[in-house]
Amino acid sequence: MLLAFDTSGPHCTAVLANPDGTPVASRSEDIGRGHAEHLMGLVEGVLSEGRSSWQDIECVGCTTGPGSFTGLRVGLAAAQGLTLALNKPGVGVSVFEVLARAFAEQAKGKPFCIVQDARREQVYFQAFDGAGRPMAAPSAHDLDALENVFPALVSKVAGTGANLVSERLAGLAVLDGPNHPLPLHLASACMGAPATAGLKPLYLRAADAKPQKQKVVEL
């Protein structure tokens, strides 16, 4: 069975799924912060609800980003720890890949773009073809530069930053749907990920907090 979770944003989500990607049990809470305190409780909850034990887990999946630096570290550390403790493989999937599975049907065979609000007048985005396959690598861009970098073939957008993009670029339709990974799509993306998709964070820009280069004490 697959155990997967998402801690990339304000939601904390865990799902237990069969080998075909069908969820057996799942839980998702909009907690804002505090993923470290909530995650393992959700995991134990889905195991209990799915009448399963740690010995039933054959693979551990986790979203790799982009998202909250703190949240991503919590999820990835938990996933890495479980793969070591259970001696099972781990697989990482991006938030883009998960959301693409939620919107591929709505796109009706046309290229579309998952856009996430990166704050500070920036967005993260990745383009997908009509079947939900990536057309390019994910990237981060300033809103003011969108006209020069946004894929010309894309006419549909989705995600937390979809409205930001549609307000600046004419002719884009905003798809209606989830802005955060849902259990069904999380499990499906993890099951469909290649074996080489490791548990490494997807950071598209540097962290806001940076260490001091030198200590200065003013008297």
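Which residues does A193 touch, leaving aside those up to four places away in sequence? I started my notes with that one, and the contacts are V91 and V93. I should say up front that I am looking at a predicted model.

**Entry: A193**

I placed A193 in the segment after α6. Buried or exposed, I wondered about A193? The relative accessibility is 19%, and the cut-off for buried is under 20%, so A193 counts as buried. I also checked A193 against P183: the two are ten residues apart in sequence, and their C-alphas are 15 Å apart in space.

**Entry: the chain as a whole**

I counted six helices and ten strands in the chain. For 219 residues, a compact globule would have a radius of gyration near 17 Å, and the chain has 18 Å, so the two agree. The C-alpha trace spans about 65 × 50 × 30 Å along its principal axes.

I then looked up burial and found that 46% of the 219 residues count as buried. The accessible surface comes to about 11,500 Å², and carbon and sulfur atoms hold 50% of that. On contacts, I took those with a separation of 6 or more: 59% of them join residues 24 or more positions apart.

**Entry: helix α3**

Next I went to α3, which runs over residues 95–107. This helix has 13 residues and reaches 18 Å from its first C-alpha to its last, close to the 18 Å expected at 1.5 Å a residue. Where does α3 bend? I found the bend at R101, and it is about 40°.

I listed the buried residues of α3 as V95, F96, V98, L99, A100, A102, F103, A104 and A107. What covers them? The cover includes strands β4 (59–63), β5 (90–93), β6 (109–119), β7 (122–130) and β9 (156–158), and α6 (183–192) is also part of it. A reminder to myself: an α-helix has 3.6 residues a turn, so residues three or four places apart point the same way.

Just past the helix I noted K108, which follows α3 and has a positive phi, near 55°.

**Entry: the five-stranded sheet**

Then I traced an open sheet of five strands, in the order β8-β7-β6-β9-β10, and its pairing is mixed. The edge strands are β8 and β10 (173–174), each of which pairs on one side only.

I followed β7 through its pairings. With β6 it pairs in the antiparallel sense, over eight bridges. I114 is the residue I found opposite Q126 of β7. The β6 and β7 hairpin has two residues between the strands, and R120 takes a positive phi there, near 50°.

With β8 (residues 139–142), β7 also pairs in the antiparallel sense, over four bridges. Here I looked up V123, and its bridge partner in β8 is H141.

Why do I call β7 largely enclosed by the rest of the structure? Nine of its nine residues are buried, so the description fits.

**Entry: loose ends**

Going back over my pages, I see β7 turn up twice: it is part of the cover on the buried residues of α3, and it sits between β8 and β6 in the sheet order. α6 also comes back, as part of that cover and as the helix that the segment with A193 comes after.

Key
Residues numbered from 1 in each chain as written. Predicted model: local features only at pLDDT ≥ 70, side-chain atom pairs only at ≥ 80, totals over all residues. Heavy atoms only, no water. Expected span 1.5 Å × (residues − 1). Bend = angle between axes of the 7 residues up to and from the residue. Buried < 20%, exposed > 50% of the residue type's maximum accessible area, 1.4 Å probe, protein only. Contact = heavy atoms within 4.5 Å. Pairing = 2+ DSSP bridges. Rg over C-alpha atoms; globule rule 2.2 N^0.38 Å. Areas by Shrake-Rupley, 256 points an atom, 1.4 Å probe, with all protein chains shown as cover.
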